[in-house]
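Biologist: Before I trust any labels, I'd like to hear where they come from. Can you show me the thing and then defend the words you use?

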Amino acid sequence: MADFSSVLSPREGEIHVIAAAQHIVKALGANKNLDDDLRKILSQLDGHLSAMTLLTTESRGTGFREVEEQLKYAEEKIRSWESNQFLLWDSDESDPLEASEFLKTIDEIQALIGGLRSLSVNGNGKQKDLLNRADSILQMAMSRLEKEIMHILVKHKQYFQPKNMSFRSCGMDVLYDESFVSVEDVPSEEELRRNSSGKESDEYIFDLIHPHVIPHLKSIANVMFGVSYDQEFCQAFVSVRRDALEEYLVVLKVEKFSMEDVLKMEWSSLNYEIKKWVRAMNIIIRYLASEKHLCDQILGDFGFVNPLCFVEISKGSLAHLLNFGEAIAMGTHEPEKLFRLLDMYEVVADNLLDIDALFSEEAGTAIRLDFHELLRSLGDSGRATFLKFGNAIAANVSTRPFSGGGIHPLTKYVMNYIKTLTLYCNSLNVLLKDQDAADSNPVVEPENGQGDSSITHCQMACHFRSITATLESNLDRKSKLYRDGVLQHIFLMNNFHYMAQKVKCCDLRIFIGDEWIKEHIVKYKQHAMSYERATWNSVLSLLKDDDSPRFCSASKAIRGFTIAFEEVYKNQTGWSIPDPELREDLQISTSQKVIHAYRSFMGRKSSSINEKYVRHSPDDLQNYILDLFNGSPRILQSSRKK
Amino acid sequence: MPATDNQGSFLNRISIRRNQVVSMDGNHEQELEDLELFQKHVADRFADLLSQSEDTLGDGLLSISWLRKLLDVFLCCEAEYKAILLLGRDPSQISKPPLDKLVPEFHDRVVKALDVCNAVSHAVETVRHYQKLAEIAVTALEQRPIGDGQVRRAKKALNSLMILLEEKEGSNHKLTERAWSFGRRSANATTSSSKDRATSASQFRSLSWSMSRGWSAAKQIQAMSSNLVAPRGGESSSPALPVYIMSTITVFVMWALVAAIPCQERNGLLTHLPVPKQLGWAHSIIALQEKIAEEWKRKKEKNRLAGLLEETQRIEKLGVSLIEFADSFQFPPDADRLEEVAVQVAELGETCKKMDEGLMPLQQQIREVFHRIVRSRTEVLDLLDQGGKVTAPIM
């Protein structure tokens, strides 16, 4: 400001007082912690004081010259900066003092304008002319500031680096074998993945803009808002920040797909995109917390403008994430999609509170609602997929018996599938609870009196038992395809054993319960016993002491037994018991039974047996029995020769 | 049923019998009645839209309020359509001719409509940007006394607005340009190679796509309408007809949105939708379609397609005139001229207010349409799922 105190006049004292007051006002205005209203009041007061000075000095005819001088001075300064190609807040090139000088000059112009304006009611031509010039300079300065903020925002942008966020590359991996046709016990990677991306619980704020320029941005914001150039400020700010977020989505490799693209996409690519999406969701919500912080820092003093700008920055990018999610939820309900659907469901559910907090203001209502809607869609889709999985098991039809009576791929698939599902216990329970509440026919427990732990009574546990029951009845159906009733037992023994084993040695045990395991152990043991009985009782009955005179010779009995044994051997070497322990157990108990009977028969009848009928020694038999259930049919050549 | 000639009603009678045999229920009379009512409602609703389109006070054809009404009509028709399609119908009927073909076709169409909804919703943001620039002009020019500063401020905003409005179809080079200017500027300080700049520029360009690369609203509309064939003969009664009606409405509504809001790639947008003229329920739709097409062609000649939305057109017109004022402005201003301008500024302010109040609800309504379409599709598919036995893989 010009040095008003140098003007000598009868009202010198008054002018001094005004100048002093103005000084105080300015000093107060320099305080950074002022709130909006107070700042406004001070700026108005400043204007009024300037006006008073003008009025006082105008009466002497010198005031406007004074003002004109000041304007000219300010104009020169602004113009000189304008011609300077370097930006004021370019930390490498510019002098920080110059920047504050620039803002100070704007302050002065603003004060002059305030003064001139409050006179304008009865103002004359000269005063209007000055006001015009002042406004014009101000506009020039504002236009310059608009460029400056964009420059600062772009130049000092920092790439978001999430804390504790696993940046494990998500390559094109197909980790879970998702077809009914070939399934092995693979999916431990699911567990790895879920353990590695532990949730980031604490609030983490990253500086998206270098902290040392925040005060500059803040002071530019204050100046621009102070002279009602807030719209320009917000536009510049929003557009740069919005682009930064969109760019970050590119960094996260989130691609833009139309709904149609997603619905037509092959599962392997979709799987990959979903993984990227889940990761991006997690990170973007963290990112937005930092973005919100940035908005608060710069726009925090300006009321509703702050949330409005924040919403505008985030809206477009979130729309992409939302639409992808909706498209996935719209897809068909193949069982293999369930894990990815639940991943998506969980990432939205886990972040929902944060989203609600970020967009708590009215401006963010639509975004908030959209995410709640997405959670619902994903949940519905996940539930439908899970239920369809059950139906698919029931509906799975075989036309030919599964060769060798081994473990059916369906059994492996189902057991591995539900084993993996235990990782999603909480979400699945929530989803199924909704379903069972809405459904008048909730899942009927196939067996009652499960263990005492409450977890075995949770929704998921009930559904699991119902699924295994469905599987069992399907296996029963499949077993009927074997023409050989004995092989039915082997098949069911194998499959039940697999199920029990699977449950026993993983988390499934907690859900399905020990009671279930016991029952299933009993079941497969029963089938083992039935097998022995059905196969060997008739064979061994040939060795019984038969006193009937017509058919009495022990040699004949031995011959009969040998033929029967060789027949069994021919059949059952082709059968398969994949589990070595189970196979061994069955071989041992068979051995004990058969060899014992054979030996004792030989011992009893050693005298009456013609040696030529004895083709196999007990030891031979023992070895032959070890050939059973290995899945490769063999023939005892000796029987044909002799 | 409107516009039925002798042959039509004869065929109807045949189809009534046939359907009675097929469905074995007595509901068929009811169904025909519902269908007739549906056609009447569709006709009435679009007749309403047609009469509102005559409004000259700013809420006429392709204004925000008209579009919102159009979306309301869509939602009403959709609800009624779904009731007709699903209520009291044996789900297995949907998997039999003619629905077994028509319903999946309809679903293909609505998925495309979803993408159109998203593209338009995104483009509403562009229109909001027009609004914001216009608002700056209003703020500046409302100030009194008005001087060079205010006028320059307004002109700056309006010039940006005009550049946006002039943008050629499909291109959105604003971002690219900015990326370049920053690249240039920071080249002083940083040592980014020209190759870096080129990649960053192309990256920016890809950002400006709202949809996937190569997605085109015009092609989408084309694809939606390509297999739209009016049911004939026996099929012209339930249940092929409601599917056809709803398809036509969907195509029309999406087409109107694309015409009004400058979304991604509108080059070659159809100006004629294949709706047969003789159908009673379609009269108003055809009339509206012709009016919009007329407007489209008129604007296309002037290469100013961005502003088909009534409010945008108004902003554009006022903007041009205010730029003229700004160009010829000299201080001190002429009082008469200032009064003229004040009227225009007031109108511009009024339009901005309308946009401020209407665009967000419009965007939300588009989202509502989106969700509705998704849900209806899911409902029908679920029904089919339960009805038809799941064909499981044979092992």
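Modeller: Sure, starting with a hole: the largest cavity has a volume of about 90 Å³. Keep in mind that this is a predicted model, where local features need pLDDT of at least 70, side-chain atom pairs count only at pLDDT 80 or more, and totals for chains, interfaces and linings use all residues. As for bookkeeping, residues are numbered from 1 along each chain as its sequence is written, chains are lettered from A and ligands numbered from 1 in the order in which they are written, and side-chain values use heavy atoms, with hydrogens and water left out.

Biologist: What makes a hole a cavity, and how do you get a volume?

Modeller: On a 1 Å grid over the protein atoms alone, a cavity is a set of points where a 1.4 Å probe fits but cannot get out, and lining residues have an atom within 4 Å of a point. Grid points are joined across faces, edges and corners, and the volume is the space filled by probe spheres set on the points. The structure has 4 such cavities of 30 Å³ or more.

Biologist: Which residues line the largest cavity?

Modeller: Among them are B:Phe74, B:Tyr81, B:His107, B:Met246 and B:Arg377. Helices H3 (64–86), H4 (99–142), H9 (240–260) and H12 (335–387) of chain B each give two or more residues to that lining, and H12(B) has the largest share with 4 residues. A helix here is a DSSP run of H or I with at least four residues, a strand a run of E with at least two, and both are numbered from the N terminus.

Biologist: How many of the lining residues are nonpolar, polar and charged?

Modeller: There are 7 nonpolar, 3 polar and 2 charged. Nonpolar covers Ala, Val, Leu, Ile, Met, Phe, Trp, Tyr, Cys and Pro, charged covers Asp, Glu, Lys and Arg, and the others, Gly among them, count as polar.

Biologist: Staying in helix H12 of chain B, where B:Val369 sits, why is B:Val369 called buried?

Modeller: Buried means under 20% relative accessible area, exposed over 50%, partly exposed in between (1.4 Å probe, protein chains only). B:Val369 has 0%, so the label buried applies. Leaving aside neighbours within four places in sequence, B:Val369 is in contact (heavy atoms within 4.5 Å) with B:Leu71, B:Phe74, B:Leu75, B:Cys117 and B:Met254. B:Val369 and B:Leu114 are 255 residues apart in sequence and 8.5 Å apart in space, C-alpha to C-alpha.

Biologist: And why does B:Ser321, in helix H11 (residues 310–327) of chain B, count as buried?

Modeller: B:Ser321 has a relative accessible area of 19%, so it is buried. Not counting residues up to four places away in sequence, B:Ser321 touches B:Arg337 and B:Gln344. Over chain B, 52% of its 395 residues count as buried, and the chain has 12 helices and 0 strands.

Biologist: What makes a set of residues a nonpolar core?

Modeller: The set must be buried Ala, Val, Leu, Ile, Met, Phe, Trp, Tyr and Cys residues joined through side-chain atoms within 4.5 Å. The largest one has 300 residues, and A:Leu421 and B:Phe46 have the most contacts inside it. H4(B) gives the most to this core, 23 residues. A second, separate core of 5 residues includes A:Ile18 and A:Leu49.

Biologist: Now the rings: why is the pair A:Phe160 and A:Tyr287 called edge-to-face or stacked, whichever it is?

Modeller: Rings of Phe, Tyr and Trp (its six-membered ring) pair if their centres lie within 6.5 Å; planes under 30 degrees apart count as stacked, over 60 as edge-to-face and the rest as tilted. A:Phe160 and A:Tyr287 have centres 5.4 Å apart and planes at 70°, so the pair is edge-to-face. A:Phe160 is in the loop between helices H5 (125–155) and H6 (188–196) of chain A and A:Tyr287 in helix H10 (residues 267–299), so the pair ties together parts 127 residues apart in sequence.

Biologist: What makes A:Phe233 and A:Phe237 a pair, and of which kind?

Modeller: Their centres are 6.0 Å apart and their planes at 10°, so this pair is stacked. Both lie in helix H8 (residues 230–251) of chain A, 4 residues apart, about one turn of the helix. A:Phe233 is buried at 0%, and A:Phe237 is buried at 1%. Over all chains, the search finds 30 aromatic pairs.

Conventions. On a 1 Å grid over the protein atoms alone, a cavity is a set of points where a 1.4 Å probe fits but cannot get out, and a pocket is an open set with protein on both sides within 12 Å along at least five of seven lines; lining residues have an atom within 4 Å of a point.
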